[in-house]
Amino acid sequence: MRNLKLSAVFILFTVMELAIFSGCDLDVPSTNPLSQQTPATKGVSTGENRNLLFIPPILDDKDPGQSEAKFELTVRKSSKEFFPGKKTETYGYNMDYLGPTIRVKNGEHVNVKVINTLTEETTVHWHGLRVAGEMDGGPQQMILSRNEWNPNFVISQPAATLWYHAHPIHKTGNQVYKGLSGLFIIDDENSKNLNLPDDYGVNDIPLIIQDKRFDSEGTMIYKTNMMDIMQGMLGNTILVNGIVNPVLEVGTIKTRFRILNGATARTFEFRLSDGSVFYQIASDGGLLESPVKMNTLRLGPGERAEVIIDFSKYSTGEVINLQSPGFKIIDFVITRKENDITTIPEKLSIVPRMEESRTIKTRAFDLMGMGLMVNINGKQMDMARIDETVNHGDTEIWIIRNVMAGMGPGMGMGGNIAHTFHYHGVQFQVLSRDGRKPPLNEQGWKDTVLVNPNETVKVISTFDHKGLFMYHCHILEHEDAGMMGQFEVK
Ligand code: C2O
Ligand code: CU
Ligand code: CU
């Protein structure tokens, strides 16, 4: 009942907003005139205005012990010139924008000291990490301005590309947009022995892909109208690891890319400019059982994929790019002939199938509403309310439905978009999409899943860590507007 009333009010609001913003074209982003002014990159001879890709450094482990790691992250306000001579305010972890890559081993004891030097509160959430609620860094673990937080945990999951980011209540979108995110890589015995490309920054390249909106002054701007809340904040400029118009020089070898869709709202559909195939070897939570050959990869906000592109068929001087409809993401320039000593093994890992018959309980999560009214099961986020209680150790099936707002398909409105559902503290397996088996690249461990309009996605997970956790849409404008809830494992 409450919902019906809310959507009625909202429809009125929407119509008004549409009248005001009817000029904005959401799907075909304009190219930013500023990108043309970026000076040419030294060392790349092909004459376009490009900038060498920046590789986030690996964060120093301050503990010499083999099975211990100690990290320090300082959350700071800074500024950055994404376009030369045009400064804009940013946030970063130890850096001006984004954070260093944290790299740990399965089994390692990890200690982190987080120092918040901002004038506002923040949190550091380990997205995809299987940890107790109090170490998870969700909105329950606020770090006040000028305060510290000292989480510690043992890594107990297979090799994967996870990430970390700010997660303060109602301000996640804003802080992540300003720069508060970084990669969190786990290695294990298996991943080390596979002979995959794994030389970080050389043939193992992190790609944090984001779309941003810049004004003509080069200022990064966030959430300026109701459309930005409805569709999520869509940008006009792609950043990869914080770089505009990036280029990477590659050899004629297989190169692994750890891709994070770090956008607040945009779903990317990656492909190579010449349509070539590539191989996905890992999903959010770890290596797939076998590599999946593909030529398009769809990733929603918060999702990750590790892919291998084989550049051996190209000759030096050739340029290909990674793109997504409407955008060039990054250029790859083949600059050197190299001998390849790596392989893409047929067998990458064992992903034990979780048995549906072992489930104790099934819960339903309906993603509903639009704009400021987005909600889950008719409820908007309330820190004082625990929405679901799960027994420690239980295996459950969660049924996630994207229930479109009642405006009919084809309206192109806020209700007609895919949400990405994510929950904390576990990795899950996707059982089905509308009753059908998920595609091969979704048959490994996941923590974030796209749910298309009117689609029903069934996932399964075992809750082996106690505490308070969040589930939410990873379109951060939706999360901040209230499309989030809390569950407690006890
Ligand atoms: Cu990536 Cu609740 O977050
Ligand atoms: Cu998370
Ligand atoms: Cu959403």
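**Exercise 1. Which residues of the largest nonpolar core touch the most other members?**

Solution. The model is a predicted one, and its largest nonpolar core holds 32 residues, of which Leu-207, Ile-209, Phe-257, Ile-329 and Phe-332 touch the most other members. As a next step, ask where the core draws its residues from: strand β23 (residues 327-336) gives the most, with five residues. Ile-329 can then be followed outward, for, leaving aside its neighbours within four places in sequence, this residue is in contact with Ile-209, Ile-238, Val-240, Pro-246, Phe-268, Phe-270, Leu-322, Gln-323 and Ser-324. Finally, there is a second, separate core of 31 residues, and among its members are Ala-265, Cys-473, Ala-481 and Phe-487.

**Exercise 2. Describe how strand β11 is enclosed, and find its partner strands.**

Solution. Begin with burial, for which the cut-off is a relative accessible area under 20%. Eleven of the eleven residues of β11 (residues 204-214) are buried, so the strand is largely enclosed by the rest of the structure. Taking the two faces in turn, one side carries Asp-204, Pro-206, Ile-208, Gln-210, Lys-212 and Phe-214, while the other carries Ile-205, Leu-207, Ile-209, Asp-211 and Arg-213, and all of these are buried.

Next come the partners. Strand β16 (residues 254-261) runs parallel to β11 and is joined to it by six bridges, with Ile-259 as the bridge partner of Leu-207. Strand β13 (residues 237-240) pairs with β11 in the antiparallel sense over four bridges, and here Lys-212 has Thr-237 as its bridge partner. Strand β12 (residues 220-221) also pairs with β11 in the antiparallel sense, over two bridges, and Arg-213 stands opposite Ile-221. The last step concerns the turn: β11 and β12 form a hairpin with five residues between them, and Gly-218 in that turn has a positive phi of about 80 degrees.

**Exercise 3. Work out the order of strands in the open sheet that contains β23, and identify its edges.**

Solution. The sheet has six strands in the order β1-β15-β23-β22-β17-β20, and its pairing is mixed. The edges are β1 (51-52) and β20 (297-299), each of which has a single partner strand, so one side of each is left without a neighbour in the sheet. Within the sheet, strand β22 (residues 319-324) and β23 run antiparallel and are joined by six bridges, and in this pairing Ile-320 stands opposite Phe-332.

**Exercise 4. Which residues coordinate the copper ion (ligand 3), and which coordinate the copper ion (ligand 2)?**

Solution. Start with ligand 3, a copper ion coordinated by His-419 through ND1, Cys-473 through SG and His-478 through ND1, at 2.0 to 2.1 Å. Along the chain, these donors follow the spacing H-x53-C-x4-H. His-419 in strand β28 (residues 419-423) and His-478 in helix α5 (residues 476-481) are 59 residues apart, and the pair links distant parts of the chain. Both histidines can then be checked for burial: His-419 is buried, with a relative accessible area of 2%, and His-478 is buried as well, with a value of 1%.

Turning to ligand 2, this copper ion is coordinated by NE2 of His-125 and NE2 of His-422, at 1.9 Å. His-125 lies in strand β6 (residues 125-127) and His-422 in strand β28, so the pair ties together parts that are 297 residues apart in sequence. His-125 counts as buried at 1% relative accessibility, and His-422 is buried with a relative accessible area of 0%.

**Exercise 5. Is Gln-175 buried or exposed, and what does it touch?**

Solution. Gln-175 is first placed in helix α2 (residues 172-178), where it is buried, with a relative accessible area of 0%. Its side chain is joined to that of Thr-122 by a polar contact of 2.6 Å. Not counting residues up to four places away in sequence, Gln-175 touches Tyr-91, Glu-120, Glu-121, Thr-122, Ala-166, Pro-168 and Leu-180.

**Exercise 6. Summarise the chain as a whole.**

Solution. The secondary structure comes to five helices and 33 strands, and of the 490 residues of the chain, 58% count as buried. Among contacts in the chain with a separation of 6 or more, residues 24 or more positions apart account for 75%. As a last step, consider the surface: the chain exposes about 18,900 Å², of which carbon and sulfur atoms supply 51%.

Conventions. Residues numbered from 1 in each chain as written. Chains lettered and ligands numbered in written order. Predicted model: local features only at pLDDT ≥ 70, side-chain atom pairs only at ≥ 80, totals over all residues. Heavy atoms only, no water. Buried < 20%, exposed > 50% of the residue type's maximum accessible area, 1.4 Å probe, protein only. Pairing = 2+ DSSP bridges. Donors = N, O, S within 2.8 Å, 3.2 Å for Na, K, Ca; no water. Polar contact = N/O pair within 3.5 Å; in protein donor to acceptor, adjacent residues only side chain to side chain. Contact = heavy atoms within 4.5 Å. Areas by Shrake-Rupley, 256 points an atom, 1.4 Å probe, with all protein chains shown as cover. Core = buried A, V, L, I, M, F, W, Y, C linked by side-chain atoms within 4.5 Å.
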